[in-house]
Amino acid sequence: MKSDSTDIDESKIVLLQWSNMRRVTAIRRAILKWHQKIERDLPWKEGRDPYKIWLSEIIMQQTRVEQGTPYYLRFVEAYPDVSDLAAAEIDEVMKLWQGLGYYRRAQHMHQAARSIVDKHNGIFPDTYQEILDLKGVGPYTAAAISSFAFGLPHAVLDGNVIRVISRLEGITEPISTNTVQKHLKQTAAKLLDEKAPGDFNQAMMDFGSLHCSPHRPSCKTCPCQVHCQAFQKNLVSEIPKKTAKKPKRIRFFYYILVNDVNNVWLRKRPSDDIWAGLYEFVLVEKSKKTNWSQILKEVPYPLELLHVSAERKHELSHQTIVTAFAETNLLEPTQQSDYLSISRSTLSNYPYSRVMDWYLSDKAVTLNLQF
Ligand code: SF4
């Protein structure tokens, strides 16, 4: 039966016999046994503190554990509990987040901390729905926090779990369709060990991340091999099936450092675009490569060009940002309200995108900027 244009024919999905409880139990046991051998000591697992688990889950979204762990440790040290995070200034939080990317996560995390203090007297909520209501928390994160911290029976469905289940089930349809998503959710819930949901969720995520990995899954030594439809049908490399990605949008960011006597100009980026809330120099954005003489003509300030940097490409998930920087002197005092005029000595106090940080940190590409 076709339900709508984005759905698929449900009859095409090869369903495992999840009603066959012996089979479900065998897969569950195999994954738990595998996990006992590899269990990793992760700092946020100690004590099942929901605040620390929440911090780690937000930080680790779209981030490898090795990259995210130092950030997690810095956040816990700066804000030992949720009221410390709620009391912090957003610029301070963004500065600590700098370099991790997906900056909206930090803004939402800060808003959620404030709502926990306002609505829950600073006590982390302990129901799935209340956790899901926090800013920046979706079904995956709510399931992870509620099962890890409170032992609630909610199955996580992240990219790793989706890969494991879709291979076990041999689903050859695109995983983004509504029907497949529904099946994945139902299957994850049936497979969940309700006596120890947190441990089982962690085992599934680790199994997907370390064993049933995207490109070189360890099928030869897999304890689920006999149950795996993808393996039995020689379809492992084709599952999970993803829909083709749209081509990335390319944007050209021409940044102008304006030296205003001993100050430089900075502004906070608007909230409706990438890097919202981070600081930047005067920006001229173009849709194609443009030379500096043209760029400077478009700036309504009298500037003397001192130095230009090479171009640098920065890849985001849906966009490619090509950046270049020019350092300039302001030739006459100018009234403007768009930018803060700040002392050079305070430049390092502000949070920046990775491209701004690259420019400010690499003395080889700057002429006379000291900070
Ligand atoms: Fe994943 Fe291979 Fe095991 Fe199937 S047999 S669950 S594809 S590792």
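User: Before we start, which residues count as nonpolar, which as charged and which as polar here?
Analyst: Ala, Val, Leu, Ile, Met, Phe, Trp, Tyr, Cys and Pro count as nonpolar, Asp, Glu, Lys and Arg as charged, and the others, Gly among them, as polar. Please keep in mind that this is a predicted model.
User: OK, so how many of each class are in the shell around the ligand?
Analyst: The shell around the ligand has seven nonpolar residues, two polar ones and one charged one.
User: And which residues are they?
Analyst: The ligand is surrounded by Cys212, Cys219, Cys222 and Cys228, together with Pro217, Phe231, Val236, His211, Gln225 and Arg167.
User: Where does the ligand sit?
Analyst: The ligand sits in the largest cavity.
User: Switching to aromatics, how many pairs turn up in the whole structure?
Analyst: A search of the whole structure finds 17 aromatic pairs. One of them joins Trp54 and Phe124 in a tilted arrangement, with 5.7 Å from centre to centre and 55° between the planes. This pair links distant parts of the chain, as Trp54 is in helix 2 and Phe124 is in the loop between helix 6 and helix 7, 70 residues apart.
User: Why does Trp54 count as buried?
Analyst: Trp54 counts as buried because its relative accessibility is 0%, and the cut-off for buried is under 20%. Phe124 also counts as buried, at 8% relative accessibility.
User: What about Phe281 and Phe325, how are they arranged?
Analyst: Phe281 and Phe325 form an edge-to-face pair, 6.4 Å centre to centre with 85° between the planes. Both belong to one aromatic cluster, which also includes Phe253, Tyr255, Trp275, Trp358 and Tyr359.

Notes
Residues numbered from 1 in each chain as written. Predicted model: local features only at pLDDT ≥ 70, side-chain atom pairs only at ≥ 80, totals over all residues. Heavy atoms only, no water. Near = heavy atom within 4 Å. 1 Å grid on protein atoms, 1.4 Å probe; cavity = no way out; pocket = protein on both sides within 12 Å on 5 of 7 lines; lining within 4 Å. Sits in = over half its atoms within 2 Å of the grid points. Phe/Tyr/Trp six-rings, centres within 6.5 Å; stacked < 30°, edge-to-face > 60°. Helix = DSSP H or I, 4+ residues; strand = E, 2+ residues; numbered from the N terminus. Buried < 20%, exposed > 50% of the residue type's maximum accessible area, 1.4 Å probe, protein only.
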